[in-house]
Structures are given as C-alpha cells and as structure tokens.
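Ready to work through a few short exercises? Have a look at the sequence and the 3D view first, then try each task before you read its solution.

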Amino acid sequence: MKKTAIAHANMAFIKYWGKKNLELNIPANGSISVNLDNLKSLTTVEFVEGLKKDEVTINGQKEVGEESRVSKHLDRIRKLSGIDLKARVVSENNYPTAGGLASSGSGFAALSVAASAAAGLKLTEQELSILARQGSGSAARSISDGIAEWLAGDTNEESYAYSLYPADYWDISAVVAVVSSEEKKIKSTQGHGLVESSPFYAVRLSEMSKKIEEMKEILARRDFTAFGELLEAEALNMHAVMLTSKPALVYWRGGTVEVMHRVRKWRQEGLESYFTIDAGPQPVLFCENKDVEDLVSRLKQIDMVKDVVVNKPGEGARLIEEHLF
Ligand code: PMV
C-alpha cells in the first residue's frame with residue numbers, strides 16, 4: 001500500500017532545548033508551538049516485496065544505509081505493525097533542510113503518518129505524536145492541528161503533543177526572515193546534549209513550568225502584546241543557554257542580529273511584531289495579520305534579508321491522495 005502525508009514545520013513559542021532521555025527524545029520541559037502553513041514536507045512511503053534495503057530519497061538526493069535516521073524510524077513502524085518488508089520513501093520539503101527551520105519536525109511527522117498508514121496501522125493522534133517524537137523531538141508537535149502543547153512526560157507513553165487551538169483560532173502571522181542559507185555546524189540533536197554544560201540551564205529549567213502556564217493563559221485571552229513579550233524573552237533565554245554551552249553554540253549571523261534590532265525599533269514606531277529564533281540563523285517574526293504587509297515591505301528593504309516567507313497557523317499532519325512516485 002502506498003501512502004502520502006503532508007506535515008508542516010512548527011515554530012515554538014516556548015522552546016524545547018534539553019532532553020530527559022536522549023534515546024527516546026523525552027524533553028526536559030514541555031513546550032508550545034504553532035504549525036507554519038507555508039513550510040511543509042510531503043512524504044510517500046511504500047513497503048515493497050523483494051527490496052533488499054530501504055530506499056530513501058529526500059529532496060531528490062538518495063540516502064543509503066540501514067543506519068540512517070529514516071531507516072531507524074521505519075524500524076519502529078515495522079516493529080509496531082509486524083511488517084518485515086523494506087520501504088521506498090520519497091520526501092520533499094519546500095524549504096531548505098537544516099537551516100534552523102525545523103525541517104526534521106515536519107519531515108518525521110509526515111513520515112510517521114505516511115509509513116504507519118502504509119503499514120496498515122491505524123494510530124490515534126496521540127500515538128502518532130509519540131511515534132513522530134522518537135524520530136525527531138519537535139516532530140511530536142507537527143502532528144497536531146494549529147497551536148500545540150507538548151507534554152514532557154517521564155516515559156515514552158506520557159510524552160506527546162495535542163492541539164490547544166485549531167489553526168483558525170487567532171489572526172496572527174509568522175514571517176520568516178531568511179538571512180543565511182548556510183548549514184549549521186552543530187545539529188540540534190547534538191545541541192540538546194550540551195545543555196548541562198551551561199551554567200544558566202538549571203535556572204532556565206526551574207522557570208519552564210511557570211512559563212508554559214503563563215503562555216497558555218495569554219493564548220486563552222489572545223493578548224498579542226503579552227504573547228510577543230513572552231515569546232521574545234523566551235527565545236533569548238534559550239539562546240543564553242546555547243551561547244554559554246561548552247562548546248558555545250552561536251546560531252546567529254549578522255542578519256539575525258540586524259533583524260532583532262530593527263524589530264525592536266519598529267515597535268517604538270508603532271509596528272508591533274516580536275521575534276523568535278530556533279537553532280539556526282533565521283528570525284521568525286510574529287505579528288497580527290493587519291500588520292503583515294507593512295512588516296514584509298520593511299523586511300524586504302534590509303540587504304541582509306535574502307527572502308521572506310509569510311505563514312499563517314497551519315493544520316496538523318494528514319494523509320493526502322497525490323503520491324510522489
Ligand atoms: O526537534 P529538534 O531536535 O530539531 O529540536 C528543536 C529545538 C528547537 O527548535 C531549538 C526548539 C523547539 O522547541 O522547536
């Protein structure tokens with residue numbers, strides 16, 4: 001059976017940085033994110049008789065080896081379903097991989113939905129989130145619709161995301177300012193393992209539960225100013241841990257810092273937007289939909305900004321009928 005799924009990248013308001021269990025991707029703290037409707041992964045999976053190895057093609061490039069992350073993820077699905085066949089997998093992202101835009105999140109969410117269906121499994125949203133999480137932590141959140149909370153949990157079964165609000169809950173946009181296409185040197189998988197080396201990590205961790213509750217209250221009343229202030233402070237807090245890890249993780253480029261300064265200046269001038277940044281150089285600016293046009297035209301005037309991608313909150317991962325092969 002051939003199955004295809006679509007999933008969106010997600011951007012965290014309250015971040016996941018550091019794990020309780022490195023093997024199972026159980027995070028040290030809960031997190032909250034929104035799916036981005038214009039950043040997506042499409043993945044087609046078919047388990048094929050007679051295939052000697054998994055055949056995986058991502059963005060037109062063949063990946064080989066049983067040890068690949070995709071093959072390991074397929075093993076989880078083979079184990080759940082009892083299927084013994086190797087699979088053909090073709091996946092396309094409409095945005096660059098490993099550029100700090102959580103491509104592994106949408107990729108593993110799409111792979112989990114497509115491969116489990118191709119194997120004949122009928123998993124619930126919670127089971128899909130648990131499965132996707134094991135491929136890439138933040139993929140747990142791309143399964144759910146709109147704005148999602150990922151409950152950290154302590155065991156495999158307790159650590160999953162669920163939808164807090166559907167995609168049409170709030171008229172906000174997430175505008176990605178692409179400032180660098182360079183691949184990052186240290187992937188987030190390794191970065192998560194370095195948190196304990198930062199003297200600030202223990203302080204960060206001690207405040208996370210309170211922050212999650214605060215963000216949930218803000219979302220319930222759709223208070224954009226309170227949301228933006230917490231969003232920005234939280235991103236800077238996570239980057240303080242990254243910058244003080246050993247080795248230090250400096251994900252920002254010149255364009256990143258330039259955009260951060262501009263956003264704060266524009267706020268003084270009355271254009272209300274706030275930034276967040278993941279494990280990469282691209283700032284993502286949140287604004288109310290009425291301000292998108294103004295924000296985009298100002299961003300386009302900055303030389304260091306190479307591209308601008310406007311997103312509305314996106315839907316959860318789901319099966320679609322058009323296949324990639
Ligand atoms: O799922 P990973 O291993 O790519 O980790 C992503 C971590 C951040 O993007 C930096 C934060 C987050 O919560 O998405």
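**Exercise 1.** How far is an oxygen atom of the ligand from an N or O atom in the side chain of Ser138?

*Solution.* Keep in mind that this is a predicted model. Pick out the side chain of Ser138 and look for its N or O atom: an oxygen atom of the ligand is 2.8 Å away. A polar contact needs N or O atoms within 3.5 Å. Next, try Tyr16: here a polar backbone atom is the partner, 2.8 Å from a ligand oxygen. Then go to His192, where a polar side-chain atom lies 3.0 Å from an oxygen atom of the ligand. As for cover, the ligand taken alone exposes 380 Å², and the protein buries 96% of that.

**Exercise 2.** Work out how many residues surround the ligand, and how they divide into nonpolar, polar and charged.

*Solution.* Start with the count: 14 residues surround the ligand. The closest are Tyr16, Ser138, Arg141, Ser188 and His192. Now sort the shell by type, and you get 5 nonpolar, 6 polar and 3 charged residues.

**Exercise 3.** Decide whether the rings of Phe13 and Phe227 are stacked or edge-to-face.

*Solution.* You need two things here, as a pair of aromatic rings is described by the distance of the centres and the angle of the planes. Step one is the distance: the ring centres of Phe13 and Phe227 are 4.8 Å apart, and the cut-off for a pair is 6.5 Å. Step two is the angle: the planes stand at 85°, so the pair is edge-to-face. Planes have to be over 60 degrees apart for that label. Now find the two along the chain: Phe13 belongs to strand S1 (residues 2–14) and Phe227 to helix H7 (residues 224–243), so to speak two distant parts of the chain, 214 residues apart. Phe13 is buried, with a relative accessible area of 0%, and Phe227 is buried with a relative accessible area of 0% too.

**Exercise 4.** Do the job again for Trp170 and Phe224: what kind of pair do their rings make?

*Solution.* The centres are 6.1 Å apart and the planes are at 75°, so this pair is edge-to-face. Trp170 sits in the loop between strand S9 (160–165) and strand S10 (172–178), while Phe224 is in helix H7, 54 residues apart from it. Both Trp170 and Phe224 are buried.

**Exercise 5.** Which residues do ring pairs link into a cluster with Phe13 and Trp170?

*Solution.* Follow the ring pairs and you reach Phe224, Phe227, Tyr274 and Phe286.

Terms used. Residues numbered from 1 in each chain as written. Predicted model: local features only at pLDDT ≥ 70, side-chain atom pairs only at ≥ 80, totals over all residues. Heavy atoms only, no water. Near = heavy atom within 4 Å. Polar contact = N/O pair within 3.5 Å; in protein donor to acceptor, adjacent residues only side chain to side chain. Areas by Shrake-Rupley, 256 points an atom, 1.4 Å probe, with all protein chains shown as cover. Nonpolar A, V, L, I, M, F, W, Y, C, P; charged D, E, K, R; others polar. Phe/Tyr/Trp six-rings, centres within 6.5 Å; stacked < 30°, edge-to-face > 60°. Buried < 20%, exposed > 50% of the residue type's maximum accessible area, 1.4 Å probe, protein only. Helix = DSSP H or I, 4+ residues; strand = E, 2+ residues; numbered from the N terminus.
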